[in-house]
Amino acid sequence: MTESTKTDENHSLSVEDKLGLLDFDWDENQFITVDHDLCVKCNDKPCLYVCPSKVYQLNDDKIVYNIEGCIELGMCTVVCDKIGNGAITWNYPRGGKGVSFNYG
Ligand code: SF4
């Protein structure tokens, strides 16, 4: 192991740590909605596995979702359409709202 690799490991951040560095301007508009009638019949529930922000959670075998931590990847709607039951209606937050990524 090289010295630079050791340094990288010492300074590596978990996904949760990195998500904690993001800024959000909360859009109270419901920019993601889930059709529960379609959702309840979904067997694989892929939305649970693709979102690093864990917007989707299982509660008593039902999907619950909290869009406050959404980082706008859009993978949930892709997997819901391709593998799930197409229950998610996904939009970006209104202009200027939502996540801000800090670069540098
Ligand atoms: S992938 Fe879509 S249909 Fe399946 S559980 Fe998630 S939101 Fe519901």
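Biologist: Why is Glu-68 called exposed?

Modeller: In this predicted model, Glu-68 has 11 other C-beta atoms within 10 Å. The limit for the exposed class is 12 or fewer, so Glu-68 is exposed. Glu-68 sits in the loop between β4 and α5. Its C-alpha atom is separated by 9.8 Å from that of Gln-30, 38 residues apart along the chain.

Biologist: What makes Asn-43 exposed?

Modeller: The count for Asn-43 is 8 other C-beta atoms within 10 Å. Set against the limit of 12 or fewer, that value places Asn-43 in the exposed class. Asn-43 belongs to the loop between α3 and α4. Across 41 residues of chain, the C-alpha atoms of Asn-43 and Gly-84 are separated by 7.5 Å.

Biologist: Why does Asn-91 count as partly exposed?

Modeller: Asn-91 has 14 C-beta neighbours inside 10 Å. Exposed residues have 12 or fewer, and buried residues 20 or more; the count of 14 falls in between, so Asn-91 is partly exposed. The residue is found in the loop between β5 (88–90) and β6 (98–100). Its C-alpha atom and that of Phe-31, 60 residues apart along the chain, are separated by 5.2 Å.

Biologist: What is noted about the phi of Lys-54?

Modeller: Lys-54 is not a glycine, yet its phi is positive, at about 55°. Most residues other than glycine have a negative phi. Lys-54 lies in the loop between α4 (47–50) and β3.

Biologist: Why is Lys-54 classed as partly exposed?

Modeller: There are 13 C-beta neighbours of Lys-54 inside 10 Å. An exposed residue would have 12 or fewer and a buried one 20 or more, so Lys-54 counts as partly exposed.

Biologist: How do you know that strands β3 and β4 are paired?

Modeller: Pairing requires at least two bridges. Strand β3 (residues 56–59) and strand β4 (residues 62–65) are joined by four bridges and run antiparallel, so the pair meets the criterion. Tyr-56 stands opposite Tyr-65 in β4, and Leu-58 has Ile-63 as its bridge partner.

Biologist: Which residues show a positive phi around the turn of this hairpin?

Modeller: Two residues lie between the strands of the β3 and β4 hairpin, and Asp-60 takes a positive phi near 55° there. Asp-61 has a positive phi of about 65°, although it is not a glycine. Asp-61 is placed in the loop between β3 and β4. Because it has 7 C-beta neighbours inside 10 Å, Asp-61 counts as exposed.

Biologist: Which residues touch the most other members of the largest nonpolar core?

Modeller: The largest nonpolar core has 13 residues, and Cys-47, Tyr-56, Cys-76 and Ile-88 touch the most other members. Two or more residues of this core come from each of β2 (32–34) and α5 (75–82).

Biologist: What does Ile-88 touch?

Modeller: Leaving aside residues up to four places away in sequence, Ile-88 touches Ile-32, Val-34, Cys-76, Thr-77 and Cys-80. Each of these contacts rests on C-beta atoms within 7 Å.

Biologist: What makes up the shell around the ligand?

Modeller: The shell divides into 12 nonpolar residues, two polar and one charged. Of its 15 residues, Cys-39, Cys-42, Cys-47, Cys-80 and Gly-84 come nearest to the ligand. At least two residues each are supplied by α3 (36–39) and α5. Cysteine counts as nonpolar and glycine as polar, so Cys-80 belongs to the nonpolar group and Gly-84 to the polar group.

Biologist: How is the protein chain arranged along its sequence?

Modeller: The chain has five helices and six strands, in the order α-α-β-β-α-α-β-β-α-β-β. Of its 104 residues, 13% are buried. Among contacts with a separation of 6 or more, 69% join residues 24 or more positions apart.

Biologist: Where is confidence lowest, and where is it highest?

Modeller: The mean pLDDT is lowest in helix α1 (residues 3–10), at 51, and highest in α5, at 98. Over residues 1–5 the pLDDT is below 50, and this stretch has one contact beyond near neighbours in sequence. Where pLDDT is low, the predicted coordinates should not be read in detail. The protein chain averages 89, with 89% of the residues scoring at least 70.

Key. Residues are numbered from 1 along each chain as its sequence is written. This is a predicted model: local features need pLDDT of at least 70, side-chain atom pairs count only at pLDDT 80 or more; totals for chains, interfaces and linings use all residues. A nonpolar core is a set of buried Ala, Val, Leu, Ile, Met, Phe, Trp, Tyr and Cys residues joined through C-beta atoms within 7 Å. Two residues are in contact if their C-beta atoms, placed from the backbone, lie within 7 Å. A residue is near a molecule or strand if its C-beta atom, placed from the backbone, lies within 6 Å of it. pLDDT is the predictor's confidence in each residue, from 0 to 100.
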